[in-house]
Amino acid sequence: MQTRKKYIFLTFLASWLLLFLFGGDQLRRFSFFSGRKAEARRNWPRWTDRSLLKSFADAEELPRDGDPSLLSPRERRAAWLSVYRGSRCRMETCFDFSRCEKHGFKVFTYPRERGQPVSETYGKILSSIERSRYHTANPEEACLFILSIDTLDRDHLSGQYVRDVDEKIRSFPLWNGGRNHLIFNLYSGTWPDYAGDLGFDIGQAILAKASFDTESFRPGFDVSIPLFSKEHPQRGGDRGWLYQDSVPPRKKYLLVFKGKRYLTGIGSGTRNALHHIHNGKDIISLTTCKHGKDWEKHKDTRCDRDNIDYERFDYQELLHNSTFCIVPRGRRLGSFRFLEALQAACIPVLLSDGWELPFSEAIDWGKAAVVGSERLLLQIPSAVRCIHPERVLAFQQQTQFLWDAYFSSVDKIVHTTLEIIKDRLSPHRSRSRFLWNALPGGLLVLPDFSTHLGDFPFYYLQHGSSPSKKFTAFIRAVSQGGSLSQPILRLIQAVSGSQYCAQIVVLWSCEKPPPPSGKWPQTTVPLTVIQGRRQLSDRFFPFEAIQMDAVLSLDEDTSLSTSEVDFAFSVWRSFPERIVGFPTQSHFWDPEQGRWGYTSRWTNELSIVLTAAAFYHRYYHSLFTEYLPAGLRELVDGLAACEDILMNVLVAAVTKLPPIKVTQRKQHKDVVAQQAECRDGAAGTPPPGQRSPSAPHSAPARVKGTAGSRRFSQRQDCLNQLADWFGYMPLVSSQLRLDPVLFKDQVSVLRKKYPSLEKP
């Protein structure tokens, strides 16, 4: 019995010894073993505990556990919930869809109060909305409301901080707890934690915010926008540094960063460690602590050396000559260098954990940026070296597309925000993710027109389909009522004789009624007459009578043969996204007058194909009428012969490509429009008091007479007003003309498909 007890005791003692030898290190971590129950419940490990985290930096460079700025995501979320009662909002619970049913997606901006300060940037945002097709001056028609109070900078230490916002918005009769309201914000919170507190209760309003934290972002309700500076252009904007479909030269640097280094506080951890990846060869990582008022009081042993290296390199030169650009978080999650890298075709390498990327609901950032982790900073160089060159090129080209489509101006940022919200109202008619991430971009693809890729002129290759094999001839007639001119009769016969013509639609744009059906010529294709409103913009209205994708736009005095029509249509089927036609003109910059000039001289340069005889896709009718603001269409109706220039500018802005000229048998005469034949305020007459600039010295000599000179100067005036409205000149010049195979070659006529084109 004693022996048995001895064996049991020895076995128990041996078990404890083995447990202590092999498992003691783990046991010491338990709170009951170490006596540190409070520390066991902390959310984050001790950063200086080398057994938990290998130290690749000096201990003083790492943030301490006691740093008040280091809030866990749960703590940040709790702070957000304590401020915003509508944090659980979804479109279904916090948005009144019924306001958008009658008048569509209209946006009302509150009237600006006298004496209420508005920053330059917020003024641009309000102007973008007020100039857009979304705007309405009637709050009863509005689906969405925008405050006139500047909410962009909610750092109470800032000079642009607006106080007592809560009291002001509660006094607004339309506020309704924030329902159907959109609030813009670029800067939130202040030292030391820079939390997402805006300083007022947004209620049930949608928040369009920069530096959005994924913990506080409400998916499908809020919108994450980029951080942009006050110098960001209102409209137009500078183009990207890489031309479309071009291959950039091999860059000198692989990976670069040049920026501030924070010695303490939030955002200091990542930037303090960036110097570890600097090799001085193909990886340049430069920081400076020389910023702020008291930087010398807090500078460390690296500051002086870093400041010297920092001054040796130019920031713009690094952007131009690097393949990848590090975009670390600053005090807030977003930074200006994100957009700077996009424009420079420098692939962003994001080091900002928890950042909800701008417009991530629509944009696939996996095709344009490398999303890294702040904790795995040292792995970034090896990770980017492993990316295949073909994928690098695809990344670079996508950065240029995204920059131009959504970020190059305040207008595009604001309009993208509004279109994302609009898509939520009708999910069955919203844009697919493909449309947002492929040329020409979501802003230029109207879901009200179609959600099927094959209905647009841009996606035939991706969709694996071909353009329509027939076309609609669309003739604008301004003849006197009761009779048809000989030119329009000959034109109808020539067009109807084409094997590709499916129908003829005549837009009757005169006050007198059109001739009876018995007066129109008999054709082998259906002929439909539509009564217009006698406005020039009617020419590009999306009439339901137009059934084919291909539209042949014609003036009644245009002279074309059937062979010319057939050949031009065959060319258009190869370039369905462009305007293809016969009479051409061009634009140029006049340095003496400091404005754009316009010429119809026959030269090798062309940038405009007149819609008096041109093929284009019918989608551009919808884009012209529904995408362009009403102000532009009013401009067209007020200036003679401006509508075809606007259509060319629109198509060039969408495609970034020039129109195409095809072989022309007879020289097109740029005659004065026949609107004068229509009585009582004919279309194309400029409004009273309309002043037109004098024609430049390069005006064509063949434009004669007072009417011709006035028409020509109005076209120049139109061109300059359009350039001002778009913020840049979208037209693209070309020297291309397409002729049939064997055109004017000394071979047998039997070998030529279009021999009649060579006849005088």
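How many bridges join strand β11 to β12? Two bridges link β11 (residues 347-351) to β12, and the strands run parallel. One bridge partner pair is Leu350 and Val371, the latter in β12. Strands here are DSSP E runs of at least two residues, helices H or I runs of at least four, numbered from the N terminus. Pairing requires at least two DSSP bridges between two strands. Five strands form an open, parallel sheet in the order β9-β8-β10-β11-β12. Its edges are β9 (283-288) and β12 (370-371), each paired on one side only.

The model is predicted; local features need pLDDT of at least 70, side-chain atom pairs count only at pLDDT 80 or more, and totals for chains, interfaces and linings use all residues. Residues are numbered from 1 along each chain as its sequence is written, and side-chain values use heavy atoms, without hydrogens and water.

Mean pLDDT (the predictor's confidence in each residue, from 0 to 100) is 84, and 83% of residues reach 70 or more. Over residues 25-70, pLDDT stays under 50; the model has 47 contacts (heavy atoms within 4.5 Å) for this stretch beyond four places in sequence. Residues 670-704 also have pLDDT below 50, with 81 contacts beyond near neighbours in sequence. Where pLDDT is low, predicted coordinates should not be read in detail.

Helix α18 (residues 486-496) has buried residues (under 20% relative accessible area, 1.4 Å probe, protein chains only): Ile488, Leu491, Ile492, Ala494, Val495 and Ser496. Their cover includes β13 (471-477), β14 (501-508), β15 (527-531), β16 (550-555) and α19 (562-572).

Notes: Buried means under 20% relative accessible area, exposed over 50%, partly exposed in between (1.4 Å probe, protein chains only).
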